[in-house]
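Grab a pencil and have a go at these exercises. Try each task yourself before you read its solution.

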Amino acid sequence: MFYRLQIVLVFLAPFLLLGVLAAFGLSLPVPHLGRGYVIRIDLPEPGAPVALPQIFGPRDPSRPLVVIDAGHGGHDPGASGGGFVEKAIVLGLARALRDELVREGGIRVAMTRDDDRFLVLDERAEIARQLGADLFLSIHADSAGDRDTVSGASVYTLSARASSEAAARYAARENSADMVNGQSLADQPEDVSAILIELSQRRTQQESSEFASLILREGEGTLVFNPQPRRSAALVVLRAPDVPSVLFESGFVTNPDDAARIASPQGQARFARVMARAIRIYFARKAGA
Ligand code: ZN
C-alpha cells in the first residue's frame, strides 16, 4: 500500500512543485526564442548536385522553357503583415502562372519549389541554368513595415548599382534570405555586386531588360504598379549568367489592398494571365529574331 503511494507521489511531484511555485507567484525559467535558440534546418550537401524539378508542358525539348521561382519557403517566411505571409502568397502566384502557361500549351514550365521548402538563392538560379532554361522569373512580395500606404508591384533586373536607395535596401533584404542568425547558408562572396555583374553576360542583361519592359507594358491597366515600377539592383537570385532573369515584386503584404489582391484567387488569376502573355510575346520575339 505504502509502495503504491510512493509511485503516485513520484508522478505528482513535478505538478506539486509547480503548484507550490505558482501559489507563491513564482515560475520556472523556460527558454525563450532569441539568442542561443537553435533552429534545425535541412540544407543540401555542399557541392551536391541540385535536385532538378519536373518539367510541365510539351515533351518537345525545342520548346522554350521558363523556370518560375516562388521566393522564400520553409523556415524563411519572407515578408509578413496583416496575417499574410510572402512565402505562401508567392507560391500561389507561381502555381497560377504555371497552370495558365500549361493550359495554353507550347511552353515548357518548371518550378524551383512547388511546396513549402527552403532553397538557398544560388540553388534557384542553378536549377534554371542546369535545365537550360530560356527565362527565369522569381516571384516575391515586399513589406514596408508600418508604412501601410506603400503599395504596388515592381519589376527588378540585375545591376551592380541599384536604381534607387529603396531598390538597394530591397536587394539587401532579399539577399539576406541565405542568412540565419548572422551566418550565411551559402558560399557567398562579400562583394556580391561586383561578382554578379562579371558573371552576367551583356546579352542576358539585355534580354532580361526586354522581358521586364514587356511585363510593364502587358500589365498596364490590369496590374497595380508602384509609381517607380522599373528597378534594378544586385539581387543574388538573378545571377545566372546565361539565363535572362527578372524578379517580379508583386506588391506589399503590409498594404491591405495589395495583400488582399495578390492573395486572392482572382488577383492571382489576373497576374497569371498578364505574366503568361508577357512570356509568350517574349518567346515569340526570340523565335522571330
Ligand atoms: Zn522576397
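**Exercise 1: the largest cavity**

Task: Find the volume of the largest cavity, then work out which residues line it and what kinds of residue they are.

Solution: Start with the volume, which is about 120 Å³ for the largest cavity. Keep in mind that you're looking at a predicted model. The structure holds three cavities of 30 Å³ or more.

Next, list the lining: Ala153, Thr222, Leu223, Val224, Phe248, Ser250, Arg261, Ile262, Gly267, Arg270 and Phe271.

Now sort these residues by type. You should get six nonpolar, three polar and two charged. If your polar group came up short, check Gly267: glycine is counted as polar here.

Finally, see where the lining comes from. β11 (245-252), α7 (256-263) and α8 (265-288) each supply at least two residues, and α8 gives the largest share, with three.

**Exercise 2: the zinc site**

Task: Which residues are the protein donors of the zinc ion, and how are they spaced in sequence?

Solution: First, pick out the donor atoms. They belong to His72 (NE2), Glu86 (OE), His140 (ND1) and Glu174, which appears twice, each time through an OE atom. These donors lie 2.1 to 2.7 Å from the zinc ion.

Second, write down the spacing, which reads H-x13-E-x53-H-x33-E. Glu86 sits in helix α2 (residues 86-104) and Glu174 in helix α4 (residues 165-175), so this pair ties together parts that are 88 residues apart in sequence.

Third, ask whether these two glutamates are buried or exposed. The cut-off for buried is under 20% relative accessible area. Glu86 comes out at 1% relative accessibility, so it is buried. Glu174 has 7%, so it is buried as well.

**Exercise 3: a closer look at His72**

Task: Where does His72 lie, and what is the sign of its phi?

Solution: Begin with the location: His72 is in the loop between β2 and β3 (80-81). Then check the backbone. The phi of His72 is positive, about 60°, although this residue is not a glycine. Why pause over that? Most residues other than glycine have a negative phi. To finish, look at the cover: with a relative accessible area of 7%, His72 is buried.

**Exercise 4: one helix and its cover**

Task: Name the buried residues of helix α3 (residues 121-130), and say what covers them.

Solution: Go along the helix and note the buried residues: Leu121, Glu123, Arg124, Ala125, Ile127 and Ala128. Here's a handy rule for reading such a list: an α-helix has 3.6 residues a turn, so residues three or four places apart point the same way. Now look for the cover, which includes β2 (65-70), β6 (135-142) and α4. After α3 comes Gly132, with a positive phi near 70°.

**Exercise 5: Pro227**

Task: Is Pro227 buried or exposed, and how far is it from Val150?

Solution: Locate Pro227 in strand β10 (residues 225-233). Its relative accessibility is 70%, so Pro227 counts as exposed. Then take the C-alpha atoms of Pro227 and Val150: they are 9.8 Å apart in space, while the two residues are 77 apart in sequence.

**Exercise 6: the whole chain**

Task: How many helices and strands does the protein chain have, and what percentage of its residues is buried?

Solution: Count eight helices and eleven strands. Buried residues make up 44% of the 289 residues. For the outside, the chain exposes about 15700 Å², with carbon and sulfur atoms supplying 55% of that area.

Notes. Residues are numbered from 1 along each chain as its sequence is written. This is a predicted model: local features need pLDDT of at least 70, side-chain atom pairs count only at pLDDT 80 or more; totals for chains, interfaces and linings use all residues. Side-chain values use heavy atoms; hydrogens and water are left out. On a 1 Å grid over the protein atoms alone, a cavity is a set of points where a 1.4 Å probe fits but cannot get out, and a pocket is an open set with protein on both sides within 12 Å along at least five of seven lines; lining residues have an atom within 4 Å of a point. Grid points are joined across faces, edges and corners, and a volume is the space filled by probe spheres set on the points. Helices (H or I, at least four residues) and strands (E, at least two) are DSSP runs, numbered from the N terminus. Buried means under 20% relative accessible area, exposed over 50%, partly exposed in between (1.4 Å probe, protein chains only). Accessible areas come from the Shrake-Rupley method with a 1.4 Å probe; for residues, only the protein chains shown count as cover. Donors are N, O and S atoms within 2.8 Å of the metal (3.2 Å for Na, K and Ca); water is not among the atoms, so sites may look incomplete. Contact means heavy atoms within 4.5 Å.
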